[in-house]
Amino acid sequence: MADKKMANGSGNEVCHDDSSSPIKAQTIDELHCLQKKRSSPSTPIDSSPGGVSALSEEDRQRQQLQSISASLASLTRETGPNVVKGDPARKTGSSKVAHMAQHQLVPTINISDSSMKFTHVLYNLSPAELYEQAIRHEKGSFMTSTGALATLSGAKTGRSPRDKRVVKDENTTKELWWGKGSPNIEMDEHTFMINRERAVDYLNSLDKVFVNDQFLNWDPENRIKVRIVSARAYHSLFMHNMCIRPTDAELANFGRPDFTIYNAGQFPCNRFTHYMTSSTSIDMNLARKEMVILGTQYAGEMKKGLFSLMHYLMPKREILSLHSGCNMGKNGDVALFFGLSGTGKTTLSTDHNRYLIGDDEHCWTNTGVSNIEGGCYAKCIDLSREKEPDIWNAIKFGTVLENVVFEEHTREVDYSDNSVTENTRAAYPIEYIPNAKIPCVGPHPKNVILLACDAFGVLPPVSKLNLAQTMYHFISGYTALVAGTEDGIKEPQATFSACFGAAFIMMHPTKYAAMLADKMRKHGATGWLVNTGWSGGRYGSGSRIKLSYTRKIIDAIHSGELLKAQFRKTEVFGLEIPNAIEGVPSEILDPMNTWSDKGAYKETLQKLATLFKNNFETFTNYKIGTDNTLTEEILAAGPKF
């Protein structure tokens, strides 16, 4: 029988259940320890995990802690702070051992309060652990009805480009783009070290910090090791999603990082410090391989800071870094999509008939293309299941939702509500997209597609570009936005962003353009300019080109059918436009045909050409190589009038 009866001293029988073996714990705390086992989150890969560390687990843990301590070292101490793994709220025996091991590293001179305390390191936590930390300790963190973590980024709900600084030293003076039009605002080494000390001291004053050791670039030959030290679980989960997640074996052999971010965004910079213009400062020191964030909790600063880093490191290896979407057909044909906000880059690069390599940041190497990131960072304003089913379905457990508004009781998100900001975002691992290609690499691109939403209505729906024209329009980075009506302005607003990502490039735009043309020439890629904007008149009189027509155009590019078409040249911009595309009305392929007022069309065309010319004056004095030949070639590809 399962139940055995025994008599007690009073003669009453006591029932015991001996149907299962006794547990291997003597206390509740020991029972809780048995409930959990160790693992590390990793990005799924199709390749072998690599060699396992020959070090013992104890030695590996000690080296890991010493590396983290060194990352947090202050200028005023010979060694870094005393660090120990684990949540300070959970006192365990294993923490005590690590605590004692680190205590031996404490210097016996210059003792201060900070050198006597221990900083608890929450190292490469899983999403579940980070949810617990955020919901328990960070005000404004909630789980939504679909399982995503909703959080707030504080006063800053977007990037602060005017507060971004780069240390100008002997090397960066020669290598980087400075002056008019450049996103690089200089600071000196001394000021950087003041801000670094401020950030490190703040992080060291905390009971706990979050540390992420992760990778950039899916190309194993050009992978960059990054360490992110932050004070918020939100920031740690964001970077867990956005960077490439290491396997257990990769983490065991991680070693010293190639680049470190100190995110002390909850703490302001000192406004009286030289070069500071506000309480926010995002500082990059390429020589020290470090980035410091003060005065902003917006997580996108980390993502784009690392992208700027790749825009510096990769071209030095003859690898082209690109702000683009990228997908691949089932036959292995790869396409790159460039485009500013509102051009349809995300919509057109996300195609259920093709594999997604990545949505935003890529490298073009000697072997093909690779995604820089391990996740996607999608806009959420007005998101719907019908318009963006992949993004909608990706918002589940593990996803970070920034600055969204949700119903208090049901926790259902209202994506149309912009009460906090228009810039609501979702950050999720790329494997949340069903047709993502893992690993995120592909062969050399066959097509390079430059997207423009032309609200002036004078650019053709599609045109084929030669290499010089591709460089010209790549450097221009054009789209046109429609101004809001509150202030009474209804004219289209031309927007130019060099290389379709001026805020993130480090070197002169012509450097990236020349590399793009060189790779296209070597690997036989074709350039295309696709207008997703207006036809038959500018905004207000014409109509937007139907998405179904644009999709037909993109399909014809992918299949290679468009290359077989007959082309003719337009005036002013000299673009080659096809005579016919299956599924697209032939009359809209030449924009002049769609305007009833031909005079107005020519006037508007001249106006746009002038805007292009004026914008390009910023780049005319830059030489590539020993002469001005390439610059002159690019200029000759611009509009003529």
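**Exercise 1. A positive phi in a loop**

At 5% relative accessibility, does Cys499 count as buried or exposed? Find its place in the chain and its backbone setting too.

*Solution.* The model is predicted.
Step 1: take the cut-off, under 20% relative accessible area for buried.
Step 2: Cys499 has 5% relative accessibility, so it counts as buried.
Step 3: place the residue. Cys499 sits in the loop between strand E29 (492–496) and helix H14 (509–523).
Step 4: read the backbone. Phi of Cys499 is positive, about 60°, although the residue is not a glycine.

**Exercise 2. A second positive phi**

Classify Asp382 by its relative accessibility, and locate it.

*Solution.*
Step 1: Asp382 belongs to the loop between strand E20 (375–379) and helix H12 (389–394).
Step 2: its phi is near 60°, positive in a residue other than glycine.
Step 3: partly exposed is the class between the limits of 20% and 50%. Asp382 has 42% relative accessibility, so it counts as partly exposed.
Step 4: set the two residues side by side. Asp382 is partly exposed, whereas Cys499 is buried.

**Exercise 3. A covered strand**

How many residues of strand E9 (residues 208–216) are buried? Sort them by face, then name the pairing strands.

*Solution.*
Step 1: nine of the nine residues of E9 are buried, and the strand is mostly covered.
Step 2: recall the rule for sorting. Side chains in a regular strand alternate between the two faces of the sheet.
Step 3: one side of E9 carries Lys208, Phe210, Asn212, Gln214 and Leu216. The other side carries Val209, Val211, Asp213 and Phe215. Both faces are covered.
Step 4: find the parallel partner. Strand E4 (residues 118–123) pairs with E9 over four bridges, in the parallel sense. Leu122 has Phe210 of E9 as its bridge partner.
Step 5: find the antiparallel partner. Strand E10 (residues 224–230) pairs with E9 over seven bridges, in the antiparallel sense. Here Asn212 has Ile228 of E10 as its bridge partner.

**Exercise 4. A strand and its hairpin**

Why is strand E13 (residues 290–294) largely enclosed by the rest of the structure? Trace its pairing and the hairpin it shares with E12.

*Solution.*
Step 1: five of the five residues of E13 are buried, so the strand is largely enclosed.
Step 2: split the residues by face. Glu290, Val292 and Leu294 lie on one side, Met291 and Ile293 on the other, and both faces are covered.
Step 3: strand E11 (residues 259–264) runs parallel to E13, joined by five bridges. Thr260 stands opposite Glu290.
Step 4: strand E12 (residues 281–285) runs antiparallel to E13, also over five bridges. Ser281 stands opposite Leu294.
Step 5: turn to the hairpin of E12 and E13. Four residues lie between the strands, and Lys289 takes a positive phi near 60°.

**Exercise 5. Order in an open sheet**

Which strands stand at the edges of the sheet E5-E6-E21-E24-E20?

*Solution.*
Step 1: the sheet is open, has five strands, and its pairing is mixed.
Step 2: strand E5 (142–143) and E20 each have a single partner strand, so they stand at the edges, with one side of each left without a neighbour in the sheet.
Step 3: check the E5 end. Two bridges join E5 to strand E6 (residues 149–151), and the two run antiparallel. Phe142 stands opposite Ala150 in E6.
Step 4: take in a nearby feature of the chain listing. Strand E24 (425–429) and strand E25 (441–442) flank the loop that holds Pro439. The peptide bond joining Ile438 and Pro439 is cis, with omega about -5°.

**Exercise 6. A buried charge**

What is the nearest side chain of opposite charge to Asp390, and how far away is it? List the contacts as well.

*Solution.*
Step 1: Asp390 is found in helix H12.
Step 2: Asp390 is buried.
Step 3: the nearest opposite charge is Arg551, 9.2 Å away. A salt bridge needs a nitrogen to carboxyl oxygen distance within 4 Å. Asp390 has no salt bridge.
Step 4: leave out residues up to four places away in sequence. Asp390 then touches Thr350, His352, Ile433, Pro434 and Asn435.

**Exercise 7. The whole chain**

How many helices and strands does the protein chain have?

*Solution.*
Step 1: the count is 18 helices and 34 strands.
Step 2: of the 641 residues, 55% count as buried.
Step 3: take contacts between residues at least 6 apart in sequence. Of these, 73% join residues at least 24 apart.
Step 4: the accessible surface is about 29100 Å², and 51% of it belongs to carbon and sulfur atoms.

Methods:
Residues are numbered from 1 along each chain as its sequence is written. This is a predicted model: local features need pLDDT of at least 70, side-chain atom pairs count only at pLDDT 80 or more; totals for chains, interfaces and linings use all residues. Side-chain values use heavy atoms; hydrogens and water are left out. Buried means under 20% relative accessible area, exposed over 50%, partly exposed in between (1.4 Å probe, protein chains only). Two strands pair if DSSP finds at least two bridges between them. Lys and Arg count as positive and Asp and Glu as negative; His and the chain ends are not counted. Contact means heavy atoms within 4.5 Å. Accessible areas come from the Shrake-Rupley method with a 1.4 Å probe; for residues, only the protein chains shown count as cover.
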